[in-house]
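Have the model open in your viewer and the selection tool ready. We will go stop by stop, from the inside to the surface.

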Amino acid sequence: MPKLNVKQKNWLLSAHVAFGSIWFGTALSMIAIALKNSHTTNGDELYAVNAALKLLDDFVIIPSANLSLLTGGLLCWLTIWGFFKHYWVIFKWVVTVSLITTGTVWLGPWLNAATSISDIERSQALSNPLYNFDIKGVLIGGAIQTGFILAIIGVSVLKPWGRRVIKSAEASTALKTETKVN
């Protein structure tokens with residue numbers, strides 16, 4: 001398996017940090033915009049804000065999240081960190097894949113539906129229970145996701161959990177043999 005030299009690793013790590021930062025910053029901005037939008041009564045403004053949120057999701061959140069996952073995978077594959085050697089890397093993988101999955105399965109469709117409803121109904125969308133469910137789901141789910149992205153960033157910096165202890169097959173066999181002898 002080829003490994004990166006220090007300069008290559010640093011460039012890849014910089015790209016990974018940039019994509020994660022773009023993902024976090026855009027998600028945080030979307031929360032602020034969605035909160036501001038919760039008091040809008042003008043139908044045109046309602047649709048415009050939802051369309052802006054959808055634009056940010058489609059052209060910034062989705063690419064930056066996926067590129068963060070891709071660069072993270074490359075860092076695991078092409079450096080000594082590996083995929084399963086460190087608990088902090090495993091945590092990042094599980095949470096990142098979970099965030100992308102929940103965004104794809106729930107948040108994206110809810111935002112798309114809210115945008116479509118506000119496009120058709122304008123201010124009447126505010127009294128549509130489906131619109132209210134979708135937009136609240138986007139706001140609450142987006143806030144939870146943003147919190148988890150922040151947690152990923154914190155774990156990346158602090159690396160709070162150490163390296164996993166992985167016993168080799170030889171060490172395990174030697175331990176079994178020693179136990180039988182005693």
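Here is the tour, with a short note on conventions before the stops.

This is a predicted model, in which local features need pLDDT of at least 70 and side-chain atom pairs count only at pLDDT 80 or more, while totals for chains, interfaces and linings use all residues. Residues are numbered from 1 along each chain as its sequence is written, and side-chain values use heavy atoms, with hydrogens and water left out.

**Stop 1: the core**

Please select Trp23, Met30, Leu53, Ile61, Leu99, Leu111 and Ile149: these have the most contacts inside the largest nonpolar core, which has 15 residues. Such a core is a set of buried Ala, Val, Leu, Ile, Met, Phe, Trp, Tyr and Cys residues joined through side-chain atoms within 4.5 Å. Now colour helix H1 (6-37), H2, H3 and H4, the elements that give two or more residues to this core. H1 gives the most, with five residues. Helices here are DSSP runs (H or I, at least four residues), numbered from the N terminus.

Stay with Ile61, which sits in helix H2. Ile61 counts as buried because its relative accessibility is 11%; the classes are buried under 20% relative accessible area, exposed over 50% and partly exposed in between (1.4 Å probe, protein chains only). Draw a distance from its C-alpha atom to that of Gly103, 42 residues apart along the chain, and you should read 9.6 Å.

**Stop 2: the aromatic rings**

The structure holds five aromatic pairs. Rings of Phe, Tyr and Trp (its six-membered ring) pair if their centres lie within 6.5 Å; planes under 30 degrees apart count as stacked, over 60 as edge-to-face and the rest as tilted. Select Phe83 and Trp93: the ring centres are 5.6 Å apart and the planes are at 35 degrees, so this pair is tilted. Phe83 lies in the loop between helix H2 (43-78) and helix H3 (87-121), and Trp93 in helix H3, 10 residues apart. Add Phe84 to the selection, and you have one aromatic cluster of Phe83, Phe84 and Trp93.

Next, try Trp110 and Phe133, an edge-to-face pair with 5.5 Å centre to centre and 85 degrees between the planes. This pair links helix H3, home of Trp110, to helix H4, where Phe133 lies, 23 residues apart.

Finally, show Trp88 with Lys159 over its face, at 4.7 Å from the ring centre. A charge sits over a ring if NZ of Lys or CZ of Arg is within 6 Å of the ring centre and within 35 degrees of the ring normal.

**Stop 3: the salt bridges**

Which residues does Arg122 join into one network? Show Asp44 and Asp119 alongside Arg122: salt bridges that share partners connect these three. The rule asks for a side-chain nitrogen of Lys or Arg within 4 Å of a carboxyl oxygen of Asp or Glu, and the count comes to three salt bridges. For Asp44 and Arg122, the closest N and O atoms are 3.5 Å apart; for Asp119 and Arg122, they are 3.4 Å apart. Asp44 is in helix H2 and Arg122 in the loop between H3 and H4, 78 residues apart.

Then move to Asp58 and Lys54, whose closest N and O atoms are 2.7 Å apart in their salt bridge. Both lie in helix H2, four residues apart, about one turn of the helix.
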